[in-house]
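I opened this notebook page to keep a record of what I looked up, one topic at a time. The entries follow the order in which I asked my questions.

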Amino acid sequence: MKKILPFLFLMISCSSFGQTKEDIIECLNLVFDQSEFQPAFSNDVTNGAVIIIANGREGYRRARPKTFQILGSLTQDDFYDSDHHVKVINSAELERLNLPEYAVLEIFIGGGERELKMVLSNVIFLENLKFTWNYNLQKTDDEWEIIGSSVDKRRYIVKQW
């Protein structure tokens, strides 16, 4: 019993960072509104300005357990009232639609109940650049706001889309 209790406390503390699915969606929509993020909407040339989030991707395993579960549970319906065109697909659909892996927006999230750090990464085909957006968000009076951001652009040659 003495060995089980510390393990249980560790598991509870690791899995409960305070984020909810609604918080993550609200924060994503805030990020999607940012002017420096707009190049990400140019990647899906077949369907206009659409961003692709693939749930269940390998990269999400690097995120904390709670955020991994939330990101893996995102569906198309979660963005039905978004001002942005968002397409949520899984890995099998990615192959079926013949989309390259680097066309998918990668999302990594960490933080607590009142603060989040979001890192989003995407290769922008038309610009031959890999963008990495970093956002620090804070919840004040039940409203999320961006309190800091940065963008890193690196040359990335796309040979075949």
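What follows are my entries on the overall layout, the nonpolar cores, a few chosen residues and the salt bridges.

**Entry 1, overall layout.** I note at the outset that this is a predicted model. I found four helices and six strands in the protein, and reading along the sequence I wrote down the pattern α-α-β-α-β-α-β-β-β-β. Of the 161 residues, 42% are buried, and I recorded an accessible surface of about 9,400 Å², of which 51% belongs to carbon and sulfur atoms. I also looked at how contacts are spread along the chain: among those between residues at least 6 apart in sequence, 58% join residues at least 24 apart.

**Entry 2, the nonpolar cores.** I then turned to the largest nonpolar core, with a general expectation in mind. In soluble globular proteins, nonpolar side chains tend to be buried together. Which members of the largest core touch the most other members? I found that they are Phe 32, Phe 37 and Leu 120, in a core of 30 residues. The elements that each give two or more residues to this core are α2 (21-33), β1 (51-55), α3 (65-72), β2 (86-90), β3 (106-111), β4 (115-124) and β5 (129-140). The largest share, six residues, comes from α2. Another core lies apart from this one and has five residues, including Ile 52, Leu 94, Leu 99 and Val 104.

I followed Phe 37 further and, leaving out residues up to four places away in sequence, listed its contacts as Val 31, Phe 32, Ile 51, Leu 105, Leu 120, Trp 133 and Tyr 135.

**Entry 3, helix α2.** I checked the length of α2 and found 13 residues reaching 19 Å from the first C-alpha to the last, which is close to the 18 Å expected at 1.5 Å a residue. Which residues of α2 are buried? My list reads Asp 23, Ile 24, Ile 25, Cys 27, Leu 28, Asn 29, Val 31 and Phe 32. I kept in mind that an α-helix has 3.6 residues a turn, so residues three or four places apart point the same way.

**Entry 4, Ile 51 and Leu 116.** Ile 51 sits in strand β1, and because its relative accessible area is 1%, I entered Ile 51 as buried. Beyond its neighbours within four places in sequence, Ile 51 is in contact with Phe 32, Phe 37, Ala 40, Phe 41, His 85, Val 86, Lys 87 and Leu 105. Lys 87 is 36 residues away from Ile 51 along the chain, and I noted 6.0 Å between their C-alpha atoms.

Leu 116 belongs to strand β4 and is likewise entered as buried, with a relative accessible area of 3%. Among the residues that Leu 116 touches are Ile 24, Cys 27, Ile 109, Tyr 135, Leu 137 and Trp 144. For Leu 116 and Trp 144, which are 28 residues apart along the chain, I wrote down a C-alpha separation of 9.4 Å.

**Entry 5, salt bridges.** Side chains of opposite charge can pair when their charged atoms come close. How many salt bridges does a search of the whole structure find? The search finds four, and I followed up several of them.

The side chains of Asp 23 and Lys 139 meet in a salt bridge at 3.3 Å, N to O. This pair links distant parts of the chain, with Asp 23 in helix α2 and Lys 139 in strand β5, 116 residues apart. Are Asp 23 and Lys 139 buried or exposed? Both are buried, and for Lys 139 the relative accessible area is 19%, which counts as buried because the cut-off is under 20%. Outside its sequence neighbours up to four places away, Lys 139 touches Asp 23, Glu 113, Arg 114 and Trp 144.

Lys 21 forms a salt bridge with Asp 78, with the closest N and O atoms 3.0 Å apart. Lys 21 lies in helix α2 and Asp 78 in the loop between α3 and β2, so this pair ties together parts that are 57 residues apart in sequence. I entered Lys 21 as partly exposed at 23% relative accessible area, whereas Asp 78 is buried at 18%.

The side chains of Asp 152 and Arg 154 also meet in a salt bridge, at 2.7 Å, N to O. Here Asp 152 counts as partly exposed at 29% relative accessibility, and Arg 154 is exposed, with a relative accessible area of 55%.

Terms used
Residues are numbered from 1 along each chain as its sequence is written. This is a predicted model: local features need pLDDT of at least 70, side-chain atom pairs count only at pLDDT 80 or more; totals for chains, interfaces and linings use all residues. Side-chain values use heavy atoms; hydrogens and water are left out. A nonpolar core is a set of buried Ala, Val, Leu, Ile, Met, Phe, Trp, Tyr and Cys residues joined through side-chain atoms within 4.5 Å. Buried means under 20% relative accessible area, exposed over 50%, partly exposed in between (1.4 Å probe, protein chains only). Contact means heavy atoms within 4.5 Å. The expected span of a helix is 1.5 Å times one less than its number of residues. Accessible areas come from the Shrake-Rupley method with a 1.4 Å probe; for residues, only the protein chains shown count as cover.
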